[in-house]
Amino acid sequence: SDVCSSDLGATGDGFGAAIAMGDGLALIGAPGAGARAGTVWTFRLDGSDWRETGTLAAADLAENDAFGSAIALSGDRAVVGVPGSGDGAGAAYVFRLSGGSWLQEAKLSSAESFAFDQLGSSLALLSDRVYVGAEGRDVTGADTAGAVYVFDLAGTMWSETGRLVAANPEAGDGYGVSVAASASRPWQAASASCTGDRARSTSICSRSEEHTSELQSHVRISYA
């Protein structure tokens, strides 16, 4: 069946720009809604129909944050990217489903964030670990080479624990434009980038020791 919000608003809201599903739940982003502050609509499967149940609400959204540009869902936890936050430095919000309501658990940002990093442009969630793409991040002097930041939950606190970068970052790569991770290899993740006239490639990054802060790619997959 079609899934629509009860208030689609104006053209340009971008409803459906990002979607995450699991266990009879669907979260659908509209990053252009509300002067591009953004909205995420929540739906629950009722029999064979999807019923709108509300929206996710972040505490400090502002115009142009683009909340809902990326969404990840795992069990009763969701993460939503806001790559436009803080002059484009970006961030991600963590929510927890409790008693039928989504409650904000944390706001994730990098200690080294700068304007136009676009942290939150992509997401992958593995229970208590979040991978957050920052495709606009400068790396070792290469403008917008991009990176992916790792955040872990310890007790009730989320903290930044690592960073994924390409082995040979180049200006304009946009590494982190998308990201994926597997629970079977918790310190391994794949991220896409653009190299050489915007040709696409994917790097698989890993680290053997959890105390090592930076992961580097050891496999690059590309097409001609």
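**Two open sheets, strand by strand**

In this predicted model, a good place to begin is Met21, which stands opposite Ala26 in β2. The pair belongs to a wider arrangement, for strand β1 and strand β2, the latter made of residues 25-30, run alongside each other in the antiparallel sense and are joined over five bridges.

Stepping back from these two strands, one finds an open sheet of four strands, arranged in the order β1-β2-β3-β4, with antiparallel pairing. Which strands stand at the edges of this sheet? They are β1, covering 18-22, and β4, covering 49-56, and because each has a single partner strand, one side of each is left without a neighbour in the sheet. Neighbouring strands of this sheet are, on average and with direction ignored, turned by 20° against each other.

Further along the chain comes another open sheet, in which four strands follow the order β5-β6-β7-β8 and the pairing is antiparallel. Here the edges are taken by β5, at 71-74, and by β8, at 101-108; each of the two has a single partner strand, so one side of each is left without a neighbour in the sheet. For this sheet, too, the average turn of neighbouring strands against each other is 20°, direction ignored.

It remains to look at how the edge strand β5 is held to its partner. How many bridges link β5 and strand β6? The two pair over four bridges in the antiparallel sense, with β6 spanning residues 77-81. Within this pairing a reader can pick out Ile71, which stands opposite Val80 in β6, just as Met21 could be picked out opposite Ala26 in β2.

Methods:
Residues are numbered from 1 along each chain as its sequence is written. This is a predicted model: local features need pLDDT of at least 70, side-chain atom pairs count only at pLDDT 80 or more; totals for chains, interfaces and linings use all residues. Side-chain values use heavy atoms; hydrogens and water are left out. Two strands pair if DSSP finds at least two bridges between them. Axes are lines fitted to C-alpha atoms, for helices over the stretch in contact, and angles run from 0 to 180 degrees between N-to-C directions.
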